[in-house]
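Reader: I'm new to this one and would like a close look at a single part: the salt bridges. Could you walk me through them?

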Amino acid sequence: MAEHNLFLLLACLPFATSLILLTLPPRARGASTWLSALSLAGGLVVLAGFLPGIQAGNVLRASLEWVPSLGMNMALRLDGFSWLFTTLVLSIGVLVVIYARYYMAESDSLPRFYALLMAFTGAMQGILISGNVLVMVVFWELTSFMSFLLIGFWHQGAAARDGARTALIVTAFGGLCLLVAMLMLGHAAGSYDLGMILRAGDRVRAHPLYGPMLVLFLLGAFTKSAQFPFHFWLPGAMAAPTPVSAFLHSATMVKAGVFLLVRFSPVLGGTEAWFFIVTGAGCITLVLGAAVALYRHDLKGLLAYSTISHLGLITALAGIGGPVAILAAIFHICNHAVFKASLFMAAGIIDHETGTRDMRRLSGLFRPMPFTALLAIVAASAMAGVPLLNGFLSKEMFLAEAVDWHNGTWLDDALPYFAIVGSSLSVAYSLRFIATVFFGPPATGLPKAPHEPPAWMRRPVELLVLICLLVGIFPALTLGPFINTAARSVAGADMPYYHIAVWHGVNAPLILSLIALGVGTLIYAFSAKSIPHGPEGPFLLHRIRGQRVYDWILFRLTWRLPRLALRWLSTEALQPQLRLLVLAAIAVACGSLWGVLFFASDLRLHAPNPAFALLWLVGAACAVGAAWQAKYHRFAALVLLGGAGVVTCLTFAWFSSPDLALTQLLVEVATTVLLLLGLRWLPKRRSEIAEDKLLPAKIRRGRDLVIAVAGGLGLASIAFALMTRPLIDNVGDWFLGNAYYEGGGTNVVNVILVDFRAFDTFGEIAVLAIVALTVYALLRRFRPAPESIAAPAQQTVDGSPSLDDYLYVPSVIMVWMFPVLIMVAGYFFFRGHDLPGGGFAAGVTLAIAFLIQYIGTNVRWVESRITVLPIRWMGIGLLAAAATGMGAWLFGYPFLTAHARYVHIPLIGEVPAATAMLFDIGVFATVMGAVVLMLVAIAHQSLRASRRREIDEAPRKEAA
Amino acid sequence: MEIILSAAIGILSASGIWLVLRPRSFQVVIGLCLLSYAVNLFIFSTGRLTPGAPPIMPKGGFIDPTLYADPVPQALVLTAIVISFATTALFLVVMIASRGMTGTDHVDGKERSQQ
């Protein structure tokens, strides 16, 4: 159990550290360094504790439930390979943290940097230790995302932003492919558990989906590991701060791809397709990367391409896939991480202390910075594969595999040649690095005078170089056992112990190594003069740039294609969109109801009532009239709309829905007033639109008429079919039966609104408040049409009757109505739980009470007498509703659980006193506030316009 | 009664749809209002027509649900009425603001001849 918890702690530690780091102030440089380094060191201690079990061949597991319904658990799994890899990541992480403390400038926020770095480490570690392939993909994408943030850490620079974006697009694209591949893999293997999948190799390889699965899987791995043809993002990522490069491009990010290849080689590997694609891509990358590296002038560019080349080597080994090749791959993963991290750090030191990374300007640095030079030379020799250094051993194992291993294909025959060319070029670029930077005449004209860095900036490099030497000289005593455990956990427990030795006698690999050293030296000797003046790439190849192809594709995909699609598939015009929407609705209704929609044979209809028919004759006339008049006679259309509304309201009343009728009537009043206020700002249409008489307009109208009639007929027939069927038992019966006992009210509609389905109502009043605020905000910057700025005709004609002349008596009555309406609103509210009424109706009533004051007098008169604060009403209403809901928590019930009882109040009698009543107060206040806010905001526009007119006219009057 | 109400729903919705497809913004506002009447009546009608039996319960005692109108569509429509008022207000404000900014009441902010 302790082990289980420690394992979970290991997984969470970097993320937790990252969160803590985010809270530190930017100047907390020391604290953030210590925190990050100690956190990683803590992870290493935990790992060290696991070592005995791991070496015994155990697999450590831990899991947390995540989405149990999907069979997705947060499963963790640690075996020899992931133990070794995690240890490598965390160790290099500690060194990078120390190094970054001295590398990053005072102006950079170190806590932010470390927070990103820790989150990245957590994600990388997550890939390594996840025991569920889907969880692994999640971490995989997280590393892409965190590396985007890290590469773009200096986001002020365009190069950093571009590099980060390219890296993100390429690796996240790969991640998506990987996700699909993992879904297929899980499907083929019958489980998403990593352990199960690793044992299901035969089943997976025989599965019909093996082909697409393999391609998608390799796309994921190759993009991450910068394999040809996806290698181009890596050089762009060199815009990152050097500690990031040292971490991401030695031990982590790019190694995630080869980790995946090695991890899954027993499952997906062993087939011809695997060998050809993986080893083929690896070989091309190996040679191409090394060839380009030789020609790069930027120090980090050289290292970037060298990384690509070495990753190609590891990929080629993973493609071969036998136990020894796997062991060699793992060995080279470790060795490369160690020497490449130290080289990146050394390059960073050189950049930091001289101000440039351009190898054409750097020269003779051995004299001013001898220690750094020595370290870099040893590390570069390891990279070149010089004997007695770690790089030599794993490269020799690769050469041995290339020569000794056979499967009889042409690629197998070509392997030794690829190996020798790649190795020779790697010797050449390492030589170029050493020779140009540290030897030759002292450099002149550098931005800074070169000198040794602070001691602690060099310590990480010293340690790494020491490891290069120790592993190179005593491989069996140092890394040997760990590598064997790791390889055994991948290739199977029956794998014989492989003894890594420095000296195997004079054999083919050794001879090839020596040839590579010799040829590499010759290549450099012959090209040393021409490289600094030439293009940054080998003959002809520098013209073909992956980056340019990528840019071309990206431009087509993200710029041209969307615009083309937009032009062909979309329109800014509203009418075609709405037409499509209506047609789609009709089509869906037809499609789903065709053949199903029948009218019951024994129609049990209510006998038609002539009064009702007459009512709807008027209603239909109003509706059609409104449709007919809305273009040229807006006012008439508005009146007719009101007529249709009133008929609707009467229909609600007719069919036993007093609540709806009441609310509809009140809202009808508010809507009509609102539209009337709006009409003030919509200039009259004085002349007929000429275009309307033309044929195309007539055709459009005819077509829309057909659509409208079809829609109307459809809705009518659905409604008829529905109404003529008997009602089946539904949830309404339960509401009816329990409204009084459970909700404490006899008006079931109100009980549903404020008790049974109160959460819906809460959402609805929130929407109402949001809309009201939006209306208010839109009107604050409202600029009316120029034609409607002038005062309306009724106010400008001399001698025209003023408001007082024709509304004198009504306005007095309207003012007197105020208290009456307040009382009515109160009445609606309090009886709402038992009889028709409630918060909605009361809210709109009170809003109308205010509205009538504005209509009967004028804005100034009203606002000098009453202070209406609609926004506060809304706020208080929402808070009251929410507080009522949360009150239920105090008693241990879910949100918005209501309590109901009746209270006896002297003189008044039994009064329902449910907590739902408090909620209804919230509804009431919100509705009232929202309606008043919208109406008053529009009404105020007149006041603003008249003020503006006064301001405009004041100077004119003075002039006169 | 059912025939009358379904015909009413049909006419309201047809008028609404026709107006919604028109080019002038005021037509669209009126169309949305008519359409909301139609849809509210449609939802209401799914509870079937029950004249003279509002869902107001007695205080206690046995309750036979078949004697009362279905309360669920009523509760749904009640909030819909208030919300449709709010959306009408929003559309109206957008409409007059657009009229002020573009100088035309065409829904696209420019006349067809200018496209």
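Reader: To start somewhere specific, is A:Arg757 buried, partly exposed or exposed?

Author: Keep in mind that this is a predicted model. A:Arg757 counts as partly exposed, with 42% relative accessibility. Its side chain meets that of A:Asp760 in a salt bridge, 3.1 Å from N to O. A:Asp760 is partly exposed too, because its relative accessible area is 36%, and anything from 20% to 50% falls in that class.

Now hop over to B:Asp105, which has a relative accessible area of 6% and is therefore buried, the cut-off being under 20%. One of its salt bridges goes to A:Arg634, where the closest N and O atoms are 3.0 Å apart. That pair crosses between chains: B:Asp105 sits in the segment after helix 3 (71-102) of chain B, while A:Arg634 belongs to helix 25 (residues 634-654) of chain A. A:Arg634 counts as buried as well, at 8% relative accessibility.

B:Asp105 also has a partner in its own chain, since its side chain and that of B:Arg24 form a salt bridge at 3.0 Å, N to O. B:Arg24 lies in the loop between helix 1 (2-20) and helix 2 (25-45) of chain B, so this pair ties together parts that are 81 residues apart in sequence. B:Arg24 is buried, too, at a relative accessible area of 4%.

Elsewhere, salt bridges with shared partners link A:Glu452, A:Arg458, A:Arg459 and A:Glu462 into one network. Over all chains, the count comes to 19 salt bridges.

Conventions: Residues numbered from 1 in each chain as written. Chains lettered and ligands numbered in written order. Predicted model: local features only at pLDDT ≥ 70, side-chain atom pairs only at ≥ 80, totals over all residues. Heavy atoms only, no water. Salt bridge = Lys/Arg side-chain N within 4 Å of Asp/Glu carboxyl O. Helix = DSSP H or I, 4+ residues; strand = E, 2+ residues; numbered from the N terminus. Buried < 20%, exposed > 50% of the residue type's maximum accessible area, 1.4 Å probe, protein only.
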